[in-house]
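Biologist: Could you take me through this one and tell me what stands behind each label you use?

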Amino acid sequence: MALARTIPEVHLDIERLGPDSAGRLERGDIDLILGGETMEMPSTLIRKLLYREPFRVIARAEHPVSRGRLTRKRYVELEHVVVWVEGRNAGVVDRALVEQGMSRTIALRIPHFASAVLAVAHSNLISTIASTVAEWHGLRVFRPPIALPEVGIVAWWPPQLHDAPAHRWFRESLLGAAAFPPSIRKLMA
């Protein structure tokens, strides 16, 4: 990581979002939260949209759907892995399906994107995830057969840390375009 090369004394603690994360961020116990723009966060926090990216559907290379087109009908017939974000019942995909009078079978709910990729890589499950995550592990990637909005990735931080020199440096180092992989830098341009 570029941050470690620049200042080797810096150490990061990365946590999974929990029910108290927003409150901890507001109090300054957490320095920064990165997440989807639809996350409910207090309006007192500073918010910066980093980039937007489309959704993609992933399946293992040998998945039966890999031999053909992923139709809407086939999409809802297949079993899905869903990354469950704390405090949310239905995500973007399920809301879009409901609007079209459809639903899908969720076979597995998990808390991490990396786990979704691994579950798909070793099963006949599919998952609809952000395009940058879809690029992992050489899986087969499809455009979703339903209209989905692009997902906005946002950074939030507490106002009391906004002008702190060390925090400003950290944000600029972490959130600068060079910190993101090429696929994300392309989306930010």
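Modeller: Let's start with Val82: its bridge partner in E5 is Arg109. This is a predicted model, where local features need pLDDT of at least 70 and side-chain atom pairs count only at pLDDT 80 or more, while totals for chains, interfaces and linings use all residues. Residues are numbered from 1 along each chain as its sequence is written, and side-chain values use heavy atoms, with hydrogens and water left out.

Biologist: What makes E4 and E5 a pair?

Modeller: Strands pair if DSSP finds at least two bridges between them. Strand E4 (residues 79–83) and E5 share five bridges in the parallel sense, so they qualify as paired under that rule. The names are DSSP runs numbered from the N terminus, with at least four residues for a helix (H or I) and at least two for a strand (E). On that basis the protein chain has eight helices and eight strands.

Biologist: Which strands make up the sheet that holds E5, and in what order?

Modeller: It is an open sheet of five strands, ordered E5-E4-E6-E3-E7, and the pairing is mixed.

Biologist: Why are E5 and E7 called edge strands?

Modeller: Strand E5 (105–110) and strand E7 (140–142) each have a single partner strand, so one side of each has no neighbour in the sheet. Neighbouring strands here are turned against each other by 35° on average, direction ignored.

Biologist: How is the sheet with E8 arranged?

Modeller: That open sheet has three strands in the order E1-E8-E2, with antiparallel pairing. E1 and E2 stand at its edges because each has a single partner strand. The twist averages 25° from one strand to the next. E8 (residues 151–157) is joined to E2 by seven bridges and to E1 by four. Looking at individual partners in E8, Ile46 has Trp157, Lys48 stands opposite Ala155, and Ile33 stands opposite Trp156.

Biologist: How do you know whether E8 is mostly covered or open?

Modeller: The test is relative accessible area: under 20% is buried, over 50% exposed, and anything in between partly exposed (1.4 Å probe, protein chains only). Seven of the seven residues of E8 are buried, which makes the strand mostly covered. Val151, Ile153, Ala155 and Trp157 are buried on one side, and Gly152, Val154 and Trp156 on the other. In a regular strand, side chains alternate between the two faces of the sheet.

Biologist: Which helix lies across this sheet?

Modeller: Helix H7 (residues 165–175) lies across E1, E2 and E8, running at about 165° to E8. The axes are lines fitted to C-alpha atoms, for helices over the stretch in contact, and angles run from 0 to 180 degrees between N-to-C directions.

Biologist: Why does His167 count as buried?

Modeller: His167 is in helix H7. Its relative accessibility is 7%, so it falls in the buried class. Leaving aside neighbours within four places in sequence, His167 is in contact (heavy atoms within 4.5 Å) with Asp31, Trp157 and Leu161.

Biologist: What is 2.9 Å from the backbone oxygen of Asp31?

Modeller: A polar atom of the His167 side chain.

Biologist: And is Pro42 buried, partly exposed or exposed?

Modeller: At 23% relative accessibility, Pro42 counts as partly exposed. Pro42 is in the loop between strand E1 (33–36) and strand E2 (46–53). Beyond residues up to four places away in sequence, Pro42 touches Ala22 and Glu26. Pro42 and Trp156 are 114 residues apart in sequence, with C-alpha atoms 9.6 Å apart in space.

Biologist: What makes a group of residues a nonpolar core?

Modeller: Its members are buried Ala, Val, Leu, Ile, Met, Phe, Trp, Tyr and Cys residues, joined through side-chain atoms within 4.5 Å. The largest such core has 14 residues, and Leu70, Tyr75 and Leu97 have the most contacts inside it. Strand E3 (55–59), helix H3 (72–77) and helix H4 (92–99) each supply at least two residues of this core, with H4 giving the most, three. Another core, of 13 residues, lies apart from it and includes Ile58, Val120, Ile129 and Val133.

Biologist: Which residues does Tyr75 touch?

Modeller: Not counting residues up to four places away in sequence, its contacts include Val57, Leu70, Val93, Leu97 and Ile146.

Biologist: How much of the protein chain is buried?

Modeller: Buried residues make up 40% of its 189 residues.

Key: A polar contact is a pair of N or O atoms within 3.5 Å; within protein, one must be able to donate a hydrogen and the other to accept it, and residues adjacent in sequence count only if both atoms are side-chain atoms.
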